[in-house]
Amino acid sequence: MSRRVVRQSKFRHVFGQAGKAEQTYEDIRVSKVTWDSSFCAVNPKFLAIIVEAGGGGAFIVLPLAKTGRVDKNHPTVNGHTAPVLDIDWCPHNDSVIASASEDTTIMVWQIPDYTPVRNITEPIVTLEGHSKRVGILSWHPTARNVLLSAGGDNVIIIWNVGTGEMLLSLDDMHPDVIHSVCWNANGSLLSTTCKDKTLRVIDPRKGQVVAERFAAHEGMRPMRAVFTRQGHIFTTGFTRMSQRELGLWDPNNFEEPMALQEMDTSNGVLLPFYDPDSSIVYLCGKGDSSIRYFEITDEPPFVHYLNTFSSKEPQRGMGFMPKRGLDVSKCEIARFYKLHERKCEPIIMTVPRKSDLFQDDLYPDTPGPEPALEADEWLSGQDADPVLISLRDGYVPPKSRELRVTKRNVLDVRPPAGPRRSQSASDTSFSQQQQQTLEALLEEIKSLRERVQAQEERITALENMLCEFVDGTD
């Protein structure tokens, strides 16, 4: 009699748990825009959520510790003239966030460490280049200030946020609407999915499609794709019969999938959140009330179902905390921020362990906040893996840095002296805050001058009156 062998994995018993009532964020009017993005972005300092806004687009930014009821007059970030569709925190600066909107623009914002009194309406830089709404944003994983955007004009643009310049425009790759874009681990390749049902691997600097697969999933509903740490591509989509499906593909051999599994019948697009440290992918469907998670390994069948976290309320969106924001003392390996209609609730994924000591096997070195390359170095063809940090003593965030934007003089055609180097967040000119201080000082000087001038005119008038009086007495 053959015995069934149970697959060995340290993640077999991962379980999810919703945060307590005092850990939730209440009274948030989550956006009702019909768009398949996560509507939520989170990092070790801040939680950002796209919210309802009259006559424009806005999102709210809360310090992670500011749980409980959110004041209805809490300041928002609202520079867009149409709804915000996507937001993404910069991986190399926890105070910088980008937003994309139906108004065709991308705006990059510096969030102060203190809670502002008024709405934040002035971005550090506005990036204009798309002709239709912009629905996808993704920062480069290793190069400083490099941001990707994809719009309804079927164009992908890669920007240098440090100068406000367009670095690359990929405008003839996709014949229809782009559904998702994902960088690989070192940012040398992109994987994209499109309404034409084709999964593509693109080298953005060469402007070439390296590999493509038509009908990775045969259904017409949107596909999603993410790179795994092994360089494979994990996809979610639909079968011809509208069943949800997941797949794993080798870009070097797109003929046959490494894995293809049907799941259930539902309309919600499955958003994959991949953790390269544990090689676990979490699937969150908009409108679902569950999170399913799978481990991706090197042995067949490659994609192994682990478990499902279920709750009663459907999710409107989901934020995924970077590894450096987790509590390693509690063996927390993932944390989600689930959007309800009027609140945001943390969901914590934990590996049960008896020991209180640091678990090296759960927490390998993970990407930290330091970039490995400057924008110009990446553009010239260099690649570098992320700069890793250890979580053994917990993550200590670096001192907040200002993102400063230096627009290059388009009229100055002289080549720059010395080697080309991108403007980093530390060596550029006035920041927005410094600019505001300077303007306030100039305004005060102008006001004082006007008052001095008025006093001088008054003195002159009194002197004239005195002279007339003296002349009259003579």
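**Strand β14 and its setting in a predicted model**

Strand β14 is joined by 5 bridges to strand β15, which covers residues 165-170, and the two run antiparallel. The model described here is predicted. The chain holds 2 helices and 32 strands, and 51% of its 474 residues count as buried. The points below begin with β14 and its partners, then turn to an open sheet of 4 strands and to the chain as a whole.

**Strand β14 and its two partners**

- Within the pairing of β14 and β15, Ile-157 stands opposite Ser-169 of β15.
- β14 and β15 form a hairpin with 4 residues between the strands, and in this hairpin Gly-164 takes a positive phi near 75 degrees.
- Strand β14 is also joined by 5 bridges to β13, made up of residues 146-151, and this pair runs antiparallel.
- Ala-150 has Ile-156 of β14 as its bridge partner.
- A hairpin links β13 and β14 as well, with 4 residues between them; Asn-154 in its turn has a positive phi of about 65 degrees.

**Burial of β14**

- Strand β14 spans residues 156-160 and is mostly covered, with 5 of its 5 residues buried.
- In a regular strand, side chains alternate between the two faces of the sheet.
- On one side of β14 lie Ile-156, Ile-158 and Asn-160, and on the other Ile-157 and Trp-159; these residues are all buried, and both faces of the strand are thus covered.

**The open sheet β20 to β23**

- The strands of this open sheet follow the order β20-β21-β22-β23, and their pairing is antiparallel.
- Its edge strands are β20, residues 224-227, and β23, residues 259-265, each of which pairs on one side only.
- From one strand to the next, the twist averages 15 degrees.
- Strand β22, residues 243-249, is joined to β23 by 5 bridges, and the two run antiparallel.
- Gln-243 stands opposite Thr-265 of β23.

**The chain as a whole**

- The C-alpha trace spans about 135 × 55 × 40 Å along its principal axes.
- The accessible surface of the chain amounts to about 23600 Å², and carbon and sulfur atoms account for 50% of this surface.
- Of the contacts between residues at least 6 apart in sequence, 52% join residues at least 24 apart.
- The chain carries 53 positive and 64 negative charges, and the mean positions of the two sets are 7 Å apart.

Terms used: Residues are numbered from 1 along each chain as its sequence is written. This is a predicted model: local features need pLDDT of at least 70, side-chain atom pairs count only at pLDDT 80 or more; totals for chains, interfaces and linings use all residues. Side-chain values use heavy atoms; hydrogens and water are left out. Buried means under 20% relative accessible area, exposed over 50%, partly exposed in between (1.4 Å probe, protein chains only). Contact means heavy atoms within 4.5 Å. Accessible areas come from the Shrake-Rupley method with a 1.4 Å probe; for residues, only the protein chains shown count as cover. Lys and Arg count as positive and Asp and Glu as negative; His and the chain ends are not counted. The place of a charge is taken as NZ of Lys, CZ of Arg, CG of Asp or CD of Glu. Two strands pair if DSSP finds at least two bridges between them. Axes are lines fitted to C-alpha atoms, for helices over the stretch in contact, and angles run from 0 to 180 degrees between N-to-C directions.
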